[in-house]
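Grab a pencil and work through these exercises with the model open beside you. Try each task yourself before you read its solution.

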Amino acid sequence: MTIDVSTSTTTNSGKTTVIDWFETAHPDTTPLVRYGFPRDGGGQTQELKLRSLYEPVPEEAITSSAIYFVTDDQLARLEKFADNPYAIKGSKNIVKEIQGECEDADRVRYPVYAESDARDDGVSFTTMTEWIRGFVESELNDSPAECTFWYSGSRSIHVHVPKFLTHTQLTEVRRRAEQFCEERDAELDTGIYKAKQQFRLPGATHRKSAGAFQKVRIDPSWENDRIIRTAGENHSRPESYLDMLETTFSPQMDGEGFALDLDTPEDDIETPLIERKEYPENAYDVPEWSMYWSQEFSPYAKAVGNPRSLAVFEVKRGAFAREDKRNGAPMVPVWFIGAIGCDPNFTKETEHGALQLSEGKGKDYEKWVNGEYRPGDYVVIHGGQSRSSIIHSVTKIEALQAGYHLIREGGGRNAARRYLSDQGYEVGASGSKGTTTSSGGTSSGEPKGIFPARKNSGNPAEDLQRKAELDGIESITHPQRVRVACRHLRQGWEPTWNWFKEQYGSDFDSDLTWKLLRGVVENPDYTEYNDIDVPDKPT
């Protein structure tokens, strides 16, 4: 195998091209990509080869990867094992090995995409486009006017943002996408922000349209009929990967503008001095430990389809942040008199712990800073899906009374809110949203999906789930997938099925997944799944 490493001949006097920027950002490397091809019987398979950006796109390719900047040594190894990619130690092939090495060295650049595939849920292209525009503007800090919009040829709207993100930024972008969906009740595909993800090429014909429609560039103002009509016309494919990039990335005077800049909050958050994670032996130290290391209370978790949360507490310390708590979200050490989350099964009662606060303009951490809450203050927070809560400073007697109504037998959130309302406090709408159906909930208020895994959760199965979500489902072994399936099936067959379908993407095999899940449910050792009905085998 010989890799073409020629350079672009495009000249733009005084301006930086994508290739110029690559050479500056990753000197002494060669940019390569991996293509995906349709597989007989459905799905796709990735080529056991990395190709140059300048080579022609293979005729049958339908998807492409991020850009891997490989060293001369890595190029030589790719050449050495080109005819037998699996002739290396371990279970990987040489292509995955090189991809992994580039990820570890942060020598991967991911073109920034956003996608909504909600058409099957009855959502119009116009609404999907508005979700994407809002996400690009509010979370990626870019102008939708600088982006290109595309119809996938089936059920999705894509946007190509003229930015690249790094491997280390993947988790943060996914977190922002998930938060955006929660706040706006939007349906973006957050699963695309993970390692080795493939993305559909412009001009590729979509299998689900029976060859009738291609991925085509559209104007975001177009109506559904015009989008469908345009996708049914014949459109050319990019000659090379570089050709595709140049459709999105215009030359700039400042090449650094090609890098995605994720802003960080202006306020620095204190990091606590307590560093030990193990449970303290001395009972005197337990409250202090619990305020920093026990399970935090989120006023927003599982908000979709559920009532609003309510927490009553005494502030104990100043705000802090840790990477292993909700990706560095602000936390406040408190003593919970009582708290009930959006999911009513998540409670706190007369215990020390950490309260999570949402970030962003108009969100709870900004309110907290502006409100100048101090240790010893008694506070009530009414939270929920918007992540912009009602926060009150109350007296100690009012806090104890509100907490009593919240946790007493026959009480609850509405009882506590009635008490606070009688004291003259704004409590907002107290009605349940449990009958609202959305992408994240059912009419009974139960979540339809599996929530993304937390970082450093302490749960081995959840840690495996997180590895699969970030590094790809193939990064965990078959026995490990079974372990994740065991964890998810407690939520039911459908959420578990949908999680595996999302992780595999176009490589999803319904027959193998059905067999895996059936094996768990029908295993006589797993009595906790006796109430799950195994559906008919997919045809």
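**Exercise 1. In what order do the strands of the 7-strand open sheet run, and which strands stand at its edges?**

Step 1: the order is 4-1-6-7-9-8-11, and the pairing is antiparallel. Strands here are DSSP runs (E, at least two residues), helices are DSSP runs too (H or I, at least four), and both are numbered from the N terminus.

Step 2: look at the ends. Strand 4 (51-52) and strand 11 (216-218) each have a single partner strand, so one side of each has no neighbour in the sheet. To pair, two strands need at least two bridges between them in DSSP.

Step 3: zoom in on one edge. Strand 1 (residues 30-33) pairs with strand 4 over 2 bridges, in the antiparallel sense. The bridge partner of Leu32 in strand 4 is Ser52.

A word on the model: it is predicted, so local features need pLDDT of at least 70 and side-chain atom pairs count only at pLDDT 80 or more, while totals for chains, interfaces and linings use all residues. Residues are numbered from 1 along each chain as its sequence is written, and side-chain values use heavy atoms, leaving out hydrogens and water.

**Exercise 2. Which strands does helix 1 lie across, and which does helix 4 touch?**

Step 1: helix 1 (residues 18-25) lies across strand 6 (67-70), strand 7 (108-116) and strand 9 (157-166). Its angle to strand 9 is about 35°. Axes are lines fitted to C-alpha atoms (for helices, over the stretch in contact), and angles between N-to-C directions run from 0 to 180 degrees.

Step 2: helix 4 (residues 125-138) packs on the sheet and touches strand 7, strand 8 (148-151) and strand 9. The direction of helix 4 makes about 15° with that of strand 9.

**Exercise 3. What is the strand order in the 4-strand open sheet?**

Step 1: the order is 3-2-5-10, with antiparallel pairing. Strand 3 (44-46) and strand 10 (199-200) are the edge strands, each pairing on one side only.

Step 2: strand 2 (residues 35-38) pairs with strand 3 over 3 bridges, in the antiparallel sense. Phe37 has Thr45 of strand 3 as its bridge partner.

**Exercise 4. How many bridges link strand 15 and strand 16?**

Step 1: strand 15 (residues 378-383) and strand 16 pair over 5 bridges, antiparallel again. Val380 stands opposite His392 in strand 16.

Step 2: check the hairpin. There are 6 residues between these two strands, and in this hairpin Arg387 takes a positive phi near 65°.

Step 3: 4 of the 5 residues of strand 16 (residues 390-394) are buried (under 20% relative accessible area, 1.4 Å probe, protein chains only), so the strand is largely enclosed by the rest of the structure.

**Exercise 5. At what angles does helix 13 pack with helix 14 and cross helix 12?**

Step 1: helix 13 (residues 478-488) and helix 14 (residues 493-504) pack at about 140°, axes 9 Å apart. The two are therefore oblique (roughly parallel is under 35 degrees, roughly antiparallel over 145, roughly perpendicular 65 to 115, and oblique the rest).

Step 2: find the contact (heavy atoms within 4.5 Å). Arg481, Val484, Ala485 and His488 in helix 13 meet Thr496, Trp499, Phe500 and Tyr504 in helix 14.

Step 3: now helix 12 (residues 460-471). Its axis comes within 9 Å of that of helix 13, crossing at roughly 110°. Helix 12 and helix 13 are therefore roughly perpendicular to each other.

Conventions:
Buried means under 20% relative accessible area, exposed over 50%, partly exposed in between (1.4 Å probe, protein chains only).
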